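Trainee: I am new to this one, and I would love a friendly tour. Could you show it to me before we talk?

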Amino acid sequence: MREEGYIRGLFSYYYEKNPIHVDEVGKREFGFGGWDKKIESRHMHFSTDTELMRALKNERPLYVSRSAAYYEFPDARPMERKGWLGCDLIFDLDAEHHACGKFTCPPCLQKVKNETIKLIEDFLMPDFGVSRNDINIVFSGSRGYHVHVFDRAYRKLWKDERREIADYAGGTGISYEHFFGKRGKLFSGPAPSEGGYGGKFAREVIKRLENEEFASYLSTKLKKKENRDMFIRGIEKGDWERVHIAKKDEKFAKLFNEIVGGLSCDIDVNVTADISKLIRLPFSLHGGTGMIAAPVKDIDKFDPMADAIVFSDRPVSIRMNEDAPKITMKGVDYGPYKKEGTAEVPEHLAVYLICKKAAILE
Amino acid sequence: MDLLFCAKYPFTEEAKGYIVSSGAKLDYGIIEKGEERAKNALLKGKIPQMGVALEKALGIEIASYAAARMIVLSMRSRFLMNRYAVAEAKRASSYLRSEGDENVKKVGEEVGVHIKGDGIPVGEYLLFAPKAVEYKLANKGLRDGTVLLAKNERIRVIEEAVRKRIERLFEKKVPIPKEIEEASERVRASLPKEKPAERQTGEKNFPPCIAKLIEDLKMSENLPHTARWVLGVYLAKVGMETEAIVELFSSAPDFNAETTRYQIEHIKKRDYTMPSCSTMESYGLCVSNCGCRNPLSCRVRR
């Protein structure tokens with residue numbers, strides 16, 4: 001097919017001009033994908049960056065993945081014979097299940113970005129004690145982010161332990177009864193100074209108590225600032241009943257589930273738990289968009305639809321296979337486009353639409 | 001060298017150092033003590049604490065551990081090795097409960113648990129925490145890579161680490177002297193005849209979570225309480241005979257037929273509801289995205 005050859009040619013030329021360096025390249029397993037499948041072949045091994053780049057030039061893959069794991073013999077098969085040495089801790093955050101379809105809308109991209117920031121700033125750094133230097137945030141090249149954690153304390157963990165970490169970040173298996181209950185005469189709960197979900201929950205409740213509507217939902221007595229302050233001083237010591245609250249267990253339990261739902265992260269548990277996962281190679285191109293899966297330094301400022309675009313502004317004529325909504329690239333609005341319509345667009349948009357199989361070369 | 005410490009925790013490097021430096025030989029008295037230790041562990045699931053703590057008695061106690069381990073090793077059964085490891089770990093844990101922080105810390109370090117203040121580094125915690133809802137990481141205080149725990153919880157984690165350490169020690173094959181082989185034959189003769197090895201449940205349509213539990217059980221894994229309860233409820237609900245369930249549980253390393261029978265009867269009498277899939281997930285027992293709401297309905301559909 002003409003389009004496939006066109007894209008493969010562009011990718012291969014790009015890699016020739018922009019060689020990729022891979023840390024510990026000899027210990028990683030590689031996989032390549034093509035027009036129909038993201039991974040068509042795997043169990044590949046390259047001793048040096050040069051060997052890898054030669055393969056990219058010759059085979060012109062549309063997707064390049066490498067293992068999150070380190071192996072003694074990355075090309076050995078089956079899995080058990082590879083000599084597993086450890087695995088980076090990885091997280092996959094994706095806007096896939098947000099309902100905007102093939103062309104992810106800006107609010108969805110923003111949402112998944114916020115989830116990524118939350119994972120790092122509210123979980124990995126404060127709770128897991130991971131240093132920012134050991135975290136690599138990589139744009140997936142499409143809609144989401146991959147977070148790679150290189151901290152050696154997590155490298156040797158097996159599947160179940162990783163699933164437990166993912167469950168923690170996702171708030172799975174958390175239960176109200178473990179945080180609240182009678183202790184002697186006291187109705188005890190978490191203090192804001194505590195680590196984990198307990199502390200997060202207490203801090204959030206104290207913050208929300210500034211809102212009068214919220215305070216009076218708990219109890220009308222809390223409308224008074226004086227009572228509110230007393231209530232908060234109690235929470236600070238883990239005492240949740242300085243002010244009497246009717247049906248408190250019921251109310252706190254409901255609040256707990258709601259708040260924890262918001263505090264936790266929307267991540268793909270199976271990716272984190274998979275210790276032989278192939279994940280997109282940082283700095284490689286995504287065959288479904290033509291954008292680069294680049295490490296992100298400042299995620300707050302990162303705009304995938306501008307910063308992950310590598311192809312030129314050279315005009316290319318295309319014909320649409322299907323309707324496409326308005327698309328913003330590098331700050332310029334294009335479209336919307338109608339099925340069967342033709343247009344002359346910059347190369348990076350042509351690549352994007354062709355990779356998404358929404359257009360063909362005219 | 002702290003001899004009492006070594007006798008309480010004979011699996012430590014310190015105790016090993018003692019054995020080497022004392023030049024203790026596997027004489028008749030030590031083998032006899034070892035045989036008794038192995039029998040207690042394998043038959044009763046429990047190794048009693050020491051009586052008197054005279055120096056000579058302590059030395060024999062330490063050596064009896066080494067002998068018992070060789071006896072169990074030469075029986076070449078994973079089930080028996082795991083059962084032995086559970087009993088040793090429980091014995092260590094019973095001592096730890098009356099220790100000060102310093103010795104708890106010391107034993108922890110020997111088995112790869114580095115206590116920091118009141119906590120345990122999360123990586124180590126994940127390796128050794130029992131798989132039970134109260135140990136689920138999301139329900140714990142986690143800060144700066146350390147999981148905050150009460151003393152009894154720290155000891156429980158160390159107990160698990162001791163068990164795994166002893167199980168792993170069995171992987172190292174050593175030459176077995178004739179006297180040990182003979183002792184091992186005597187211990188084997190004292191065990192109930194029936195071999196708790198592979199057996200079929202005659203039911204292949206279990207949902208993935210239940211199949212996993214049965215598989216783990218057959219591999220003589222030490223399932224946590226919640227997992228056992230869930231499995232018991234499930235099997236009772238699908239109408240399995242009490243004796244068949246008891247037999248299934250017989251590969252648990254700490255199996256006791258009477259206790260199991262009583263508990264299964266109790267489950268049947270109380271007619272507990274089978275936990276839903278979301279509860280199973282929160283127990284950490286859900287293993288697959290099979291799309292059911294309850295393990296019981298999963299079976300019917302399949």
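Trainee: What domains does the domain assignment of chain B give?
Mentor: Domain bounds here come from an automatic or database domain assignment. For chain B the result is domain 1 (3-190) and domain 2 (208-301).

Mentor: Please keep in mind that this is a predicted model, where local features need pLDDT of at least 70, side-chain atom pairs count only at pLDDT 80 or more, and totals for chains, interfaces and linings use all residues. Residues are numbered from 1 along each chain as its sequence is written, while chains are lettered from A and ligands numbered from 1 in the order in which they are written.

Trainee: How far apart do the C-alpha centres of domain 1 and domain 2 of chain B lie?
Mentor: Taking the C-alpha centre of each of these two domains of chain B, we get a separation of 28 Å.

Trainee: How many residues does the contact take from each domain of chain B?
Mentor: Two residues are in contact if their C-beta atoms, placed from the backbone, lie within 7 Å. By that rule, domain 1 of chain B gives 12 residues and domain 2 of chain B gives 13 residues.

Trainee: Which helix gives the largest share of the side of domain 1 of chain B that touches domain 2 of chain B?
Mentor: Helices (H or I, at least four residues) and strands (E, at least two) are DSSP runs, numbered from the N terminus. Five residues of that side come from one helix of chain B, residues 78-96, which is helix α5.

Trainee: Over in chain A, which residue in β11(A) stands opposite Ser65(A)?
Mentor: Strand β3 (residues 63-67) of chain A and β11(A) run antiparallel, joined by three bridges; two strands pair if DSSP finds at least two bridges between them. Opposite Ser65(A), in β11(A), stands Arg280(A).
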